[in-house]
Amino acid sequence: MSSSSRTSFVLASRASKLAQIQTNIVRDDLETAFPDLSFDTSFMTTEGDKNQSQALYLLGGKALWTKELEVALKENVVDMLVHSLKDVPTTLPQGCEIGAILERENPVDSLVVKQGLPYKTLQDLPEGSVVGTSSVRRVAQLRRSFPGLVFLDVRGNLNTRLAKLDAPDGPYTALILAKAGLVRLGMGDRVTADLTAPILFHAVSQGALAVEIRADDQEARKLCKTLTHQETQWKCLTERALLRELEGGCSVPVGVSTSLSQIDKSAGELTRATLTMTGCVTSLDGSVHVQDTLSQEVESTQDAEELGRKLATKLMSNGAKAILDDITQDRRKRASETETAAE
């Protein structure tokens, strides 16, 4: 597939309905920009899709969602991978790179209340109400403000999770879900309320789509350049640099909120902006919370990543390292207990 005369490209992703919708978004954008080329899609099941019983917290890192796809990419079976960027490890396998980051949907998390119940906010939920989420980040942060709520793991694709929520005999009063996924699935009307900082800082890169390509595929890189939304790119790269430095994986309570202001452009290209990011790390029980903010003028993606690293260093020196060390020990202990119980 290295020929300079390639006229067709294969985009691959996970097989869930949301992943297929997201892949079709990218395909449609490419077809619009390059009408003389052909773009096909391929969908496959990943390890993270197969294991729907064990808590994400115990399953490990983000490669659960990407490893099988990256094998197909490196073996030239497919040409581009479409991901939710928040599911992509901050360090990619050798020979792979992020070719494009598309314009971000609203990155916030949302409260979705069981159909037929009157509650409009988290504050409205009675003490003891069961709130479903698979994210330790959400649980850790929300326990700080809502110690009376009960948080219960819920797995499955969005349709499955909503069915579990609405089941008359189901345990859940509400779920916490990423707003972007609901919007892309056409289910934005299920959002009861958005949960914004400082109550809940969203996940790194939440709401953004990314295209992963082979590092030596110049043609795919050229196509991807037309897809990239620079404001989103700069914000997501600073968030990913923060997470990489903290060594946080898919299920670590690291939250962020990022903004760009005083934006300068030249010939349509972003040349300078003031980048501001707040990052936080929260203990699993919500009792310890480390938060800080950095703001500086940046002129490149490299500058953006440097800001992320600086903020990570501040957080680590202010107590985040102790929290993350405790979480690592807790995960190992619980994973060992799970293995012992299964024997």
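# Salt bridges, pockets and backbone

Visitor: In which helix do D325 and K321 both lie?
Guide: D325 and K321 are four residues apart, about one turn of the helix. Helices are DSSP runs of H or I with at least four residues, and strands are runs of E with at least two, both numbered from the N terminus. The helix that holds D325 and K321 is α10, residues 301–342.

Visitor: What kind of model is this?
Guide: Residues are numbered from 1 along each chain as its sequence is written, and side-chain values use heavy atoms, with hydrogens and water left out. Local features need pLDDT of at least 70, side-chain atom pairs count only at pLDDT 80 or more, and totals for chains, interfaces and linings use all residues, the model being predicted.

Visitor: How far apart are the closest N and O atoms of D325 and K321?
Guide: A salt bridge here is a side-chain nitrogen of Lys or Arg within 4 Å of a carboxyl oxygen of Asp or Glu. D325 and K321 form one, with their closest N and O atoms separated by 3.0 Å.

Visitor: Is K321 buried, partly exposed or exposed?
Guide: Buried means under 20% relative accessible area, exposed means over 50%, and partly exposed is in between, using a 1.4 Å probe and protein chains only. D325 has 35% relative accessibility and counts as partly exposed. K321 is at 43%, so its class is partly exposed.

Visitor: Which residues are joined into one network by salt bridges that share partners?
Guide: The network arises where salt bridges have partners in common. Its members are R6, D79, R214, D217 and E219.

Visitor: How many residues apart are D79 and R214?
Guide: D79 forms a salt bridge with R214, with 3.2 Å between the closest N and O atoms. D79 is in the loop between α4 (67–74) and β3 (80–84), while R214 is in strand β10 (residues 209–214). The pair therefore links distant parts of the chain, with D79 buried at 1% relative accessible area and R214 buried at 7%. Their separation in sequence is 135 residues.

Visitor: Which residue forms a salt bridge with R272?
Guide: R272 counts as partly exposed at 31% relative accessibility. The partner also counts as partly exposed, at 33%. The closest N and O atoms are 3.1 Å apart, and the partner is D264.

Visitor: How many salt bridges does a search of the whole structure find?
Guide: The search covers the whole structure. The count is 21.

Visitor: What is the angle between the planes of F9 and F39?
Guide: Rings of Phe, Tyr and Trp (its six-membered ring) pair if their centres lie within 6.5 Å; planes under 30 degrees apart count as stacked, over 60 as edge-to-face and the rest as tilted. By this rule there is one aromatic pair. F9 and F39 form a stacked pair, 5.8 Å centre to centre, and the angle between the planes is 20°.

Visitor: In which strand does F39 lie?
Guide: F9 lies in strand β1 (residues 8–14), so the pair ties together parts that are 30 residues apart in sequence. F9 counts as buried at 2% relative accessibility, and F39 as buried at 4%. The strand of F39, residues 38–44, is β2.

Visitor: What volume does the second largest pocket have?
Guide: On a 1 Å grid over the protein atoms alone, a pocket is an open set of points where a 1.4 Å probe fits, with protein on both sides within 12 Å along at least five of seven lines; lining residues have an atom within 4 Å of a point. Grid points are joined across faces, edges and corners, and a volume is the space filled by probe spheres set on the points. For the second largest pocket this gives about 430 Å³.

Visitor: Which residues that line the second largest pocket are the closest to its centre?
Guide: The lining of the second largest pocket has 18 residues. β4 (96–101), α8 (218–225) and α9 (230–246) each supply at least two of the lining residues. The closest to the centre are I98, G99, A100, Q233 and L237.

Visitor: Which residues does S205 touch?
Guide: S205 is in the loop between β9 (193–195) and β10, and counts as buried at 1% relative accessibility. Contact means heavy atoms within 4.5 Å. Not counting residues up to four places away in sequence, S205 touches L85, K86, R104, C236, E239 and R240.

Visitor: What is omega for the peptide bond from A197 to P198?
Guide: Most residues other than glycine have a negative phi, and most peptide bonds are trans. P198 is in the loop between β9 and β10. The bond from A197 to P198 is cis, with omega near 10°.
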